[in-house]
Amino acid sequence: MNLAQALAYFLREAVVGLARGWKTSLLAVMTIGFSLFLSGIFLLVSINLGSMVDAWRNESRIMVYLEADSDAADLARVADLIESMPWVRAARPVQAEEARERFIAAYPSMADLLEGWDQDPLPASVAVEPDWPAVNATTLANATTTWREDPAVSSVDDDRDWLAQLEVVTTMLRGLATVVGGALLITAVFTIASVIRLAAHQHRDEITVLRLVGATEFYIRGPFYAEGTIQGTLGGLGAVGALAASFIALQRRFGDGLLGSLVASQFLNPTLLVALVALGAAAGLAGAILSLGREKADSARAAAGWGSEE
Amino acid sequence: MIELYHVSKRYPGGQIGLSDVSLSIPRGQMVFLTGASGSGKSTFLKMIYREEVPTEGQILVNGRNLAALPAKKIPYLRRTIGVVFQEFRLIARKTVFENISYLPRILGMDSARQRKLAYDTLRRVGLAHRINAFPLSLSGGERQRVAIARALINEPEILLADEPTGNLDPELSEEILHLLLEVNLRGTTVILATHDRALIDRVGHRVLTLDQGKLAEDRELPPGIVPNMRAGAASAPGGDAAPEPDAALESDAAPGPTTALPAEAGGTS
């Protein structure tokens, strides 16, 4: 029997086995599907959250506020100092008058808040637009420290702390996806192992005969390996289908809202989807290998105790 | 050729399977293996098809040292050895054809060749008309003949039969015995383990007697029963007057074979 014949035989026998024990097979498929679905949900949230953090980071600015008594020369000097940094895309000086005008333009109903001050309540500032991909956290931290030490600078505001916290959440979600998904996948592997072991146990008489007449272990175990792999693949496909359905449902329900942005603005890319299915197939195969490790001993015991077929 | 050199087998716990057995069985010989229960008959047979390995000594089958045979080579050894058991070991959910066609399928034969080979082999044992039957619909003697057909389908060099008549009444036992004698006449080495001394004395040939794992006796008896070869069966499988394969495959109603034996009337030891 050549390899193609053997594979065709394995598949045929595996399909027959799945059909014969469809209830237990369905349990295995659902277990692995559920674990992959849950992993996929965590992955989906972490990817969407990561995208959101990236978008916010790209849109965020650093504001360097000057002391109230600073003059135009101070503003120009600080702006030049900031712009000299290689990772700064733009550093735009904003005069106190311009800040006031922009505030009034943006919030006309609150314009009276700016009345009655001895000095401009809105100080002059420099709006810094970093080239985000080119700057790392350490460089930025060092730069802001330097700027704060300048006597003309009052304070430096940026969104890094908040973005950093969001990044921590994203990383935790990815870790949780790995841990929970991994734990569930291990459970699924053992479930498949039990199902395959049950199938092998039900066929132990035939396995004994196959060994007796000269079947190789590859020939004997192949159908069970194929059965486990098919179960895992079906579980993976089920998980991908459920993820897609959930994604569409969430998009329809929450649209552009925060929850929609968190889980339903971007679906898993094709590589990740294929990886999920492949992970299911690998888990199924692992389960089959695990179960058949002890099958030979079971089969030998069956042969020793073989009675009449009646 | 089967050769044993000082073969011993001790199981975990100290139970002795065989103890210092040395002997040689030439190709094509008919050998009876006898002894009380637990004397080591099954252990002896298991060692030849490499289900067990000796704890001491060497077993050579056609020059191959079985103790040194790698596990992955065992299937290829077993394809040259047919094994028949007292309890038949047929798969109840499979038809007779499926039960005997495991090895042709493993060897990758197409289904038409499998069918033809199965038919020819079943005709040898007189069961061509039962090719589509299920084991549970067969009598004990028929089941054992199916088991023998499974063992013979690849024309093995050696046929091992472990108490093949143990579950059968005397008449069916004679039938099976004569079938095995026919197989031997075709050149296959047959080793038949039985505790039925009367049967051995009547049939003759070489008799090995085991006692508590030791070879207590190795004697040659003159052949008694001569099997009645069904017409043409000895010269070519399927050479008897059974219906053509296609017709037989379609029906289970055809009459069964006969293994009428002169010895049944006047066989002597």
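## Two chains and their contacts

Biologist: Happy to look at this with you! How many residues of chain B are in contact with chain A?

Modeller: Keep in mind that this is a predicted model. Contact here asks for C-beta atoms within 7 Å. On that basis, 17 residues of chain A meet a set from chain B, and that set numbers 20 residues.

Biologist: Which helix gives the most to the side of chain A that touches chain B?

Modeller: The helix to look at spans residues 204-213 of chain A. Six residues on that side come from this helix, α7.

Biologist: And by class, how many charged residues does that side of chain A have?

Modeller: Let's go through the classes. Nonpolar residues number eight and polar ones six. That leaves the charged class, with three residues.

Biologist: Now for the interior. Which helix gives the most to the largest nonpolar core?

Modeller: That core has 114 residues, and those touching the most other members include Ile192(A) and Ile196(A) from chain A, along with Leu122(B) and Ile48(B) from chain B. The top contributor belongs to chain A, runs over residues 160-202 and supplies eleven residues. The helix you want is α6 of chain A.

Biologist: How many residues are in the second, separate core?

Modeller: Val64(A), Leu75(A), Ala143(A) and Val153(A) are included in this one. Its size is 15 residues.

Biologist: Let's return to Ile192(A). Which alanines does Ile192(A) touch, not counting residues up to four places away in sequence?

Modeller: Good one to zoom in on! Among the partners of Ile192(A) are Ile32(A), Gln231(A) and the glycines Gly228(A), Gly232(A), Gly284(A) and Gly287(A). The alanines on the list are Ala28(A), Ala283(A) and Ala288(A).

Biologist: Over in chain B, how far does helix α5 reach from its first C-alpha to its last?

Modeller: This helix covers residues 111-124, which is 14 residues. At 1.5 Å a residue, 20 Å is expected, and the model comes close to that. The reach is 20 Å.

Biologist: Is Leu122(B) of that helix buried or exposed?

Modeller: A buried residue needs 20 or more other C-beta atoms within 10 Å of its own. Several residues of α5(B) pass, including Gln114(B), Leu117(B), Tyr119(B) and Arg123(B). Leu122(B) is on the list as well, and thus counts as buried.

Biologist: Which residue with a positive phi follows α5(B)?

Modeller: Look just past the helix, where phi is near 75°. The residue there is Gly126(B).

Biologist: Last one: what share of the residues in chain B is buried?

Modeller: Chain B has ten helices and ten strands. Out of its 269 residues, the buried share is 45%.

Technical notes:
Residues are numbered from 1 along each chain as its sequence is written. Chains are lettered from A and ligands numbered from 1 in the order in which they are written. This is a predicted model: local features need pLDDT of at least 70, side-chain atom pairs count only at pLDDT 80 or more; totals for chains, interfaces and linings use all residues. Helices (H or I, at least four residues) and strands (E, at least two) are DSSP runs, numbered from the N terminus. The expected span of a helix is 1.5 Å times one less than its number of residues. A residue is buried if 20 or more other C-beta atoms lie within 10 Å of its own, exposed if 12 or fewer, and partly exposed in between; C-beta atoms are placed from the backbone. A nonpolar core is a set of buried Ala, Val, Leu, Ile, Met, Phe, Trp, Tyr and Cys residues joined through C-beta atoms within 7 Å. Two residues are in contact if their C-beta atoms, placed from the backbone, lie within 7 Å. Ala, Val, Leu, Ile, Met, Phe, Trp, Tyr, Cys and Pro count as nonpolar, Asp, Glu, Lys and Arg as charged, and the others, Gly among them, as polar.
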